[in-house]
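Let's take a walk through this fold, from its core outwards. Have the structure open as you read.

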Amino acid sequence: MTNEQILNQEYIVAKKKSAKPMLWVSMISMVMFFAGLTSAYVISMKREDWVAFDLPQAFYISTILIVASSITLLLSQRFLKQDKRQLSLIMVVVTLLLGIGFVWQQYVGFNQLKSIGLFFTGSESTVSTSFIIGISFMHVLHIIAGLVVLFVVIYNHFKYKYNSDDMLGFELGAIFWHFVDLLWIYLFLFFSFIK
């Protein structure tokens, strides 16, 4: 083995060792961001102009879609570990479609709020709707980042970059996707029970 090959292998090992910790650091910063937003929500509830309302029906549908997307991604990962590449690819594509469905249902939910006179900004907006729409929209931006990650995973799947022995890129994408899924479940439960 040449010195160049040894250096290349050492680089790959170092890259693999640092990839997950860097992802965890970025996810911790996202948790802190949303913890700050939900803390501000709780503090703002004491305002006299606070208006309580039920979440739009589309938010319930989007929650079902996001939970289903985590299940299909877990199946995809399990199939990949068994070297069932075709089934793995199908499941990750289904995950992507469910994620797109989630974003669509969030959009529908924002429109449902508008239809009952609850707006994000303007003279007809309330503090509570501004918080819920703002926090949900910030989460949707993270989901869109997750959809980009899923596109990359699908592309790499087509390029045969993943197999049962080398799943790092897939695992990183899956960790991020499950994280944004759990983040929505937290937000959904928070909005449902803290009014």
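What follows covers the nonpolar core, a cavity and the salt bridges.

Keep in mind that this is a predicted model. A good place to start is the largest nonpolar core, which holds 43 residues. V92, F170, W177 and F191 have the most contacts inside this core. Five helices each supply at least two of its residues: α1 (3-44), α2 (57-81), α3 (85-115), α4 (127-158) and α5 (168-193). The top contributor is α5, with twelve residues.

Zoom in on F170 to see how this packing looks from one side chain. Leaving aside residues up to four places away in sequence, F170 touches L73, S76, Q77, L80, S88, V92, V153, H157 and Y162.

Now for the empty space. There is one cavity of 30 Å³ or more, and the space in the largest cavity comes to about 40 Å³. Its lining is made up of Y41, W50, V51, A52, F53, S128, I132, F191 and K195. Sort these lining residues by type and you get seven nonpolar, one polar and one charged. F191 is one of them, and we already met F191 among the residues with the most contacts in the core.

How many salt bridges does a search of the whole structure find? Two. In one, K20 pairs with E171, with the closest N and O atoms 3.2 Å apart. K20 sits in helix α1 and E171 in helix α5, so this pair links parts that are 151 residues apart in sequence. K20 is partly exposed, at 30% relative accessibility.

The other joins the side chains of R47 and D49, at 2.7 Å from N to O. R47 is partly exposed at 43%, and D49 is partly exposed at 38%.

Technical notes
Residues are numbered from 1 along each chain as its sequence is written. This is a predicted model: local features need pLDDT of at least 70, side-chain atom pairs count only at pLDDT 80 or more; totals for chains, interfaces and linings use all residues. Side-chain values use heavy atoms; hydrogens and water are left out. On a 1 Å grid over the protein atoms alone, a cavity is a set of points where a 1.4 Å probe fits but cannot get out, and a pocket is an open set with protein on both sides within 12 Å along at least five of seven lines; lining residues have an atom within 4 Å of a point. Grid points are joined across faces, edges and corners, and a volume is the space filled by probe spheres set on the points. Ala, Val, Leu, Ile, Met, Phe, Trp, Tyr, Cys and Pro count as nonpolar, Asp, Glu, Lys and Arg as charged, and the others, Gly among them, as polar. A nonpolar core is a set of buried Ala, Val, Leu, Ile, Met, Phe, Trp, Tyr and Cys residues joined through side-chain atoms within 4.5 Å. Buried means under 20% relative accessible area, exposed over 50%, partly exposed in between (1.4 Å probe, protein chains only). Helices (H or I, at least four residues) and strands (E, at least two) are DSSP runs, numbered from the N terminus. Contact means heavy atoms within 4.5 Å. A salt bridge is a side-chain nitrogen of Lys or Arg within 4 Å of a carboxyl oxygen of Asp or Glu.
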